[in-house]
Amino acid sequence: MRIGNRDYEISGHTYVMGILNVTPDSFSDGGKYTSIDRALYRVEEMLHEGMDLLDIGGESTRPGHTMVSEEEEIERVAPVIEKVKCRFDIPVSLDTYKAKVARAGISAGADLINDIWGLKYDAELAGVIAGADLPCCLMHNRKEAVYENYMEEVLMDLRESLKCAHKAGIRGDRIILDPGVGFGKTYEHNLEVIDRLEMLQSLGCPILLGTSRKSVVGLTLDLPASERVEGTIVTTVYGVLKGAMFVRVHDVKENVRAIRMAEAIRDGYRKENR
């Protein structure tokens, strides 16, 4: 899969998407990178740690978040995207579910649109992505965590997102799917979708797993967001073993090392014993 100026193998390796929240209120790092200089410093730091793709977000989507206007979100993300693209050789994902913000982000240089509502919030977004011929990541989400047949309904919901994408003209080879850990799910749902991540492979798209510092880790280990790196790493290793193409994380260095180790165990033994 080509994102920006880089080709990513869709199987055999798990890539690290580094998180840059240019927001004052994100659950884990809100307010840390609201100035352009601090944001650029963090991007450079994550690149040195082994980041493969950068995800920039301008609105917190934590439980109970306050929605910001499209104009404010654009003011937060567009200048950062422009500066990042000028200074660094790294593909940039824009985390938004709003067509107007996506248009501005694409004009600023965004290479991928990462939509937490899987094209179901803003009816115009699919057309914006298709018109720019960009790849996208479509996440599973629901307003309420009510299911009768949980995993089958997750797959059903993602199929609906794929239909929206295809109807708009987004090519199938430009789509990544995200199970949506922490969105429209109970604690038990989150554990199950991580454990059964391979079921999403039946939809024919590469998978992104985003669990970094989330409540499923905090509730399991009874730890605040700042102390959830080890729990996140366990989910990253699960992602490697379940075939995830990307993991979206705050702590790049630690997760890059975990992926290298997990892949060495998985692949090195097989190569030696063929």
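**Gly 109, a sheet, a pocket and some rings**

Mentor: Gly 109 counts as buried, at 19% relative accessibility, where buried means under 20% relative accessible area, exposed over 50% and partly exposed in between (1.4 Å probe, protein chains only). This is a predicted model, so local features need pLDDT of at least 70, side-chain atom pairs count only at pLDDT 80 or more, and totals for chains, interfaces and linings use all residues. Residues are numbered from 1 along each chain as its sequence is written, and side-chain values use heavy atoms, with hydrogens and water left out.

Trainee: Leaving aside neighbours within four places in sequence, which residues is Gly 109 in contact with?

Mentor: Start with its place: the loop between helix H3 (99–108) and strand E6 (112–115). Helices (H or I, at least four residues) and strands (E, at least two) are DSSP runs, numbered from the N terminus. Contact means heavy atoms within 4.5 Å. With those sequence neighbours set aside, the partners of Gly 109 are Ile 81 and Lys 85.

Trainee: Which residue in E5 does Ile 56 stand opposite?

Mentor: Strands E4 (residues 53–57) and E5 (residues 92–95) pair in the parallel sense over four bridges; two strands pair if DSSP finds at least two bridges between them. Both belong to an open sheet of eight strands, ordered E8-E7-E6-E5-E4-E3-E10-E9. Opposite Ile 56 in E5 you'll find Leu 94.

Trainee: Which helix gives the most to the lining of the second largest pocket?

Mentor: A pocket is an open set of points on a 1 Å grid over the protein atoms alone, where a 1.4 Å probe fits, with protein on both sides within 12 Å along at least five of seven lines; lining residues have an atom within 4 Å of a point. Helices H6 (187–195), H7 (215–221) and H8 (229–242) each supply at least two residues of this lining. The top contributor, with five residues, is H8.

Trainee: What is the angle between the planes of Tyr 8 and Tyr 15?

Mentor: Rings of Phe, Tyr and Trp (its six-membered ring) pair if their centres lie within 6.5 Å; planes under 30 degrees apart count as stacked, over 60 as edge-to-face and the rest as tilted. Tyr 8 is buried at 2% relative accessibility, and Tyr 15 is buried at 6%. Together with Phe 246, they form one aromatic cluster. The two tyrosines sit 5.0 Å centre to centre in an edge-to-face pair, and the angle between their planes is 85°.
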